[in-house]
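Subject: Structure handover

Hello,

Here is the structure I promised to pass on. Please open it alongside this email.

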Amino acid sequence: MGPIRGVLAWQSVTDALLVAGADRDGRGELAVLDLGGGTGADAVRLAGLGHRVVVVDPSPDALAASARRATESGVQIQGILGDATDLAEHVAPASFDLVICHGVLEFVADPAQALESARTVLRPGGWLSIMVASRVAAMAARVAAGDIAGARALVDAMPDATWDSASLGPRRWLQVELDRLVAGHGFSPVVSQGVRVFADSVPSAIAEGTPRERAELVELELQVRRNKEFAGHSAGLQTIARLESVATT
Ligand SMILES: C[S@@+](CC[C@H](N)C(=O)[O-])C[C@H]1O[C@@H](n2cnc3c(N)ncnc32)[C@H](O)[C@@H]1O
């Protein structure tokens, strides 16, 4: 078992694969778009499971790294220099079974616009997996650091295009806001869960400890992540949603 953060990040991807129709081992032939796929860590593993993978990212360096990673792993992925605003210029409408957008909405100019782009490139009944950073966790970190004013500034901040990242840092969500966002673009949330509910709080001696200690921590995460009370404390929030209809807002 590798580092805990990586294990749990990959778990969130395989959860989306299973919901989207891959087999128990995550294998299949889904058309997957990794929007903001970065250096391709997930994309390469997805391709290794048999899926057809396209990475769209605005960073030429990240795309070059993902191409190198794919070559070294002996798999094929398609890298496209683009972003959430110009997806339609690069990929055909209704051409993907699954869009993965993990750790990206924090940085885009307008999350609603990104959701609209994802909707357009998904086939009807296709799946969207979004993971974002939690506002509760961000506030707890500020409080723990003695920055009470900074925590207060986040209480009512809306994670939409009005978010002031110059003063607030990257955008942060509550689960209810994330679910509302996807529902507003024709998606039905099917899974809402925490990612790293407790993992960021454990001492590094355990997080980097024996395989048994790390396996136990992963088991704890799996046990609590879909319980709202526990998931409210997690560092990351994930929603897996199905495209049901055209946008209503
Ligand atoms: C924190 S990384 C996440 C990478 C990967 N998805 C993961 O989960 O490890 C954020 C990525 O989003 C990309 N990004 C930033 N703005 C974007 C936008 N407007 N559209 C698409 N991707 C964007 C960045 O280039 C970067 O690769």
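Below are notes on the ligand site and on three helix pairs.

First, a caution: this is a predicted model.

**Ligand site**

Which residues are around the ligand? From the early part of the chain come Gly36 and Gly38, then Asp57, Pro58 and Ser59. Asp83 and Ala84 are there too. The list is completed by His102, Gly103, Val104, Phe107 and Val108.

Some of these residues place a polar atom by the ligand. Asp57 uses its side chain: a polar atom there lies 2.6 Å from an oxygen atom of the ligand. Gly36 uses its backbone, with a polar atom 2.8 Å from a ligand nitrogen. Ala84 also uses a polar backbone atom, which is 3.0 Å from a nitrogen atom of the ligand.

**Helix α1 with α2**

Two packed helices are described by the angle between their axes and the distance between the axes. Helix α1 covers residues 4-20, and helix α2 covers residues 41-48. Their axes come within 11 Å and cross at roughly 45 degrees. Angles from 35 to 65 degrees fall outside the parallel and perpendicular classes, so α1 and α2 are oblique to each other. The crossing is right-handed. On the α1 side, Trp10, Val13 and Leu17 make the contact. On the α2 side, Asp42, Arg45 and Leu46 do. By class, that contact has 4 nonpolar and 2 charged residues, with no polar ones.

**Helix α1 with α11**

Helix α1 also packs against helix α11, residues 211-224. The angle is about 40 degrees, and the axes are 11 Å apart. This crossing is right-handed as well. Helix α1 contributes Ile4, Val7, Leu8 and Gln11. Helix α11 contributes Arg214, Leu217, Val218, Glu221 and Leu222. The residues of this contact divide into 6 nonpolar, 1 polar and 2 charged.

**Helix α6 with α7**

How do α6 and α7 run, parallel or antiparallel? Helix α6 spans residues 135-144, and helix α7 spans residues 148-155. Their axes come within 7 Å and cross at roughly 165 degrees. That angle is over 145 degrees, so α6 is roughly antiparallel to α7. The crossing of this pair is left-handed. From α6, the residues in contact are Arg135, Ala138, Met139, Arg142 and Val143. They meet Ile148, Gly150, Ala151, Leu154 and Val155 of α7. By class, this contact has 7 nonpolar residues, 1 polar and 2 charged.

Best wishes

Terms used. Residues are numbered from 1 along each chain as its sequence is written. This is a predicted model: local features need pLDDT of at least 70, side-chain atom pairs count only at pLDDT 80 or more; totals for chains, interfaces and linings use all residues. Side-chain values use heavy atoms; hydrogens and water are left out. Axes are lines fitted to C-alpha atoms, for helices over the stretch in contact, and angles run from 0 to 180 degrees between N-to-C directions. Helices (H or I, at least four residues) and strands (E, at least two) are DSSP runs, numbered from the N terminus. Angles under 35 degrees count as roughly parallel, over 145 as roughly antiparallel, 65 to 115 as roughly perpendicular and the rest as oblique. A crossing is left-handed if the near helix is turned anticlockwise from the far one by less than a right angle, and right-handed if clockwise. Contact means heavy atoms within 4.5 Å. Ala, Val, Leu, Ile, Met, Phe, Trp, Tyr, Cys and Pro count as nonpolar, Asp, Glu, Lys and Arg as charged, and the others, Gly among them, as polar. A residue is near a molecule or strand if one of its heavy atoms lies within 4 Å of it. A polar contact is a pair of N or O atoms within 3.5 Å; within protein, one must be able to donate a hydrogen and the other to accept it, and residues adjacent in sequence count only if both atoms are side-chain atoms.
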